[in-house]
Amino acid sequence: MKKLNAGIIGATGMVGQRFALLLENHPWFEVTALAASPRSAGKTYGEVVKDRWMMDSPIPEKMKSMTILDASDVKAVTEKVDFVFCAVDMKKDEIRALEEAYAKAECPVVSNNSAHRMTPDVPMLIPEINAEHAEIIEAQRKRLGTKRGFIAVKSNCSIQSYVPALHPLLGFGIKDVLVCTYQAVSGAGKKLKDWVEMQDNVIPFIGGEEEKSEQEPLKIWGKIENGKIIDATGINITSQCIRVPVSDGHLAAVFVRFADKNNKPSKEEIIEIWHNFGGVSETLPSAPWNFLNYFNEDNFPQTKLHRGLENGMAVSIGRLREDSQYDYRFIGLSHNTLRGAAGGAVLMAELLKSKGYFD
């Protein structure tokens, strides 16, 4: 198979670095362009990130000597690539404009950013859950006036810890969901050792996170109508999002209530449904063998032990039990920079390639 040439826009940040590692030896994609802000442009990647490399694995050797391009120079980047991953740190309106500029230059954009998540004709994909939403790309291309260019986005990292567990239960009529997420410092692009305020501390606020946690699942569960993705209705979600002194991994405490008490599944049924829930139908390189993994132990899943399950691309679930006010409660866990960020975006790109959207 001939590899597609990929670019990383925002290559010097934490998510950009994670993209670099995930794509270092990818069987389908070859990194041929790295781009960042004007202050990094013209320097080599190794020169720029050597003192702020945040990953445990070393900088990919073949990227060290690559010259960083200016992310705003769309022409220079698109001449080198078939598509781009985007993980820039800019204002939302600037990100929207930049991503649309790449799309209009006939370069597909697979974005980790939140700027276009609620754009009605931009698919927000979790491949195991709503792969069919990729079909909206044709409507988006008509709006943009493109033949090949489009934007597809990855959902917020925190919802990956609980939406996959709720999704197989939708057929029973989920009515109310209460979720509290306990989110790692890497979600803020930081390392625990460098964030003094987080040491021996918990911060009960993450800007914009609760709104995303409550709204994004409804788009993921929505339907395509008249060239737009219409949010799902009838499901109420309320959330609290808390920053905790953990390096990687977002954990969620989830409470769920079903609309019909006579139709709600038993605990045994739910566990069986999770056990049998399949992943993506295509054989994608980054897809986990088992997407949902339920643990019977009372003290599992644990962030440190289970965030890396299936190369960080699986979701761990545990402590399912009946609740006195809701019907059930359980714990969910996912790796926020792998399944929740760069890894999820790479898997999404694999899905889009397999469906021919990069052709």
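**Figure 1. Surroundings of Asn 156 in the predicted model****.** Leaving aside neighbours within four places in sequence, Asn 156 touches Arg 117, Glu 209, Lys 212, Ser 213 and Glu 216. Asn 156 sits in the loop that runs between β6 (151-153) and α8 (163-166). With a relative accessible area of 4%, Asn 156 is buried, since buried means under 20%.

**Figure 2. Surroundings of His 116****.** His 116 belongs to the loop between β5 and α6 (127-130). Its relative accessible area is 2%, and the residue is buried. Apart from neighbours within four places in sequence, the contacts of His 116 are Arg 96, Glu 99, Glu 100, Val 122, Ile 151, Val 153 and Lys 219. Asn 5, which is 111 residues away from His 116 in sequence, is 23 Å away in space, C-alpha to C-alpha.

**Figure 3. Ile 174 in strand β7****.** The strand covers residues 174-183. Ile 174 has a relative accessibility of 5% and counts as buried. Between the C-alpha atoms of Ile 174 and Phe 258 there are 4.4 Å, although 84 residues separate the two along the chain. Phe 258 is also one of the contacts of Ile 174 once neighbours within four places in sequence are set aside. The others in that list are Leu 166, Leu 169, Gly 234, Ile 235, Val 256 and Arg 257.

**Figure 4. Arg 141 in helix α7****.** Helix α7 is formed by residues 137-144. Arg 141 is a buried residue, at 8% relative accessibility. Setting aside neighbours within four places in sequence, Arg 141 is in contact with Thr 146, Lys 147, Arg 148, Gly 149, Phe 150 and Tyr 357. Asp 231 is 90 residues from Arg 141 along the chain, and their C-alpha atoms are 21 Å apart.

**Figure 5. Packing of helix α1 against helix α13****.** Helix α1 takes in residues 14-23 and helix α13 residues 338-354. Their axes are 9 Å apart and meet at an angle of about 50°, so the two helices are oblique to each other. The crossing is right-handed. On the α1 side the contact involves Val 15, Arg 18, Phe 19, Leu 22 and Leu 23. On the α13 side it involves Leu 338, Ala 341, Ala 342, Gly 343, Ala 345 and Val 346. Sorted by class, the residues in the contact of α1 with α13 are nine nonpolar, one polar and one charged.

**Figure 6. Enclosure of helix α1****.** Of the 10 residues of α1, eight are buried, so the helix is largely enclosed by the rest of the structure. The buried residues of α1 are Met 14, Gly 16, Gln 17, Arg 18, Phe 19, Ala 20, Leu 21 and Leu 23. Their cover includes the strands β1 (4-9), β2 (29-36) and β4 (83-86). It also includes the helices α2 (45-49), α3 (61-64) and α13.

**Figure 7. Nonpolar cores and Tyr 102****.** The largest nonpolar core contains 54 residues. Within this core, Ile 9, Tyr 102, Leu 166, Trp 221 and Trp 274 have the most contacts. Tyr 102 is in contact with Ile 9, Ala 71, Asp 73, Val 74, Val 77, Thr 78, Val 84, Cys 107 and Val 109, not counting neighbours within four places in sequence. Another core, of 47 residues, lies apart from the largest one. Leu 4, Phe 29, Phe 83 and Ala 349 are among the residues of that other core.

**Figure 8. Backbone at Glu 106, Asn 226 and Pro 301****.** Most residues other than glycine have a negative phi, and most peptide bonds are trans. Glu 106 has a positive phi, near 65°. Glu 106 is in the loop between α5 (92-104) and β5 (109-111), and is partly exposed, at a relative accessible area of 29%. Asn 226 is not a glycine either, and its phi is positive at about 55°. Its place is the loop between β8 (223-225) and β9 (228-230). Asn 226 is exposed, with a relative accessible area of 80%. Phe 300 and Pro 301 are joined by a cis peptide bond, with omega about 0°. Pro 301 lies in the loop between β12 (292-295) and α11 (303-306).

Definitions and conventions: Residues numbered from 1 in each chain as written. Predicted model: local features only at pLDDT ≥ 70, side-chain atom pairs only at ≥ 80, totals over all residues. Heavy atoms only, no water. Axes fitted to C-alpha atoms, helices over the stretch in contact; angles between N-to-C directions. Helix = DSSP H or I, 4+ residues; strand = E, 2+ residues; numbered from the N terminus. Parallel < 35°, antiparallel > 145°, perpendicular 65-115°, else oblique. Left-handed = near helix turned anticlockwise from the far one by under 90°. Contact = heavy atoms within 4.5 Å. Nonpolar A, V, L, I, M, F, W, Y, C, P; charged D, E, K, R; others polar. Core = buried A, V, L, I, M, F, W, Y, C linked by side-chain atoms within 4.5 Å. Buried < 20%, exposed > 50% of the residue type's maximum accessible area, 1.4 Å probe, protein only.
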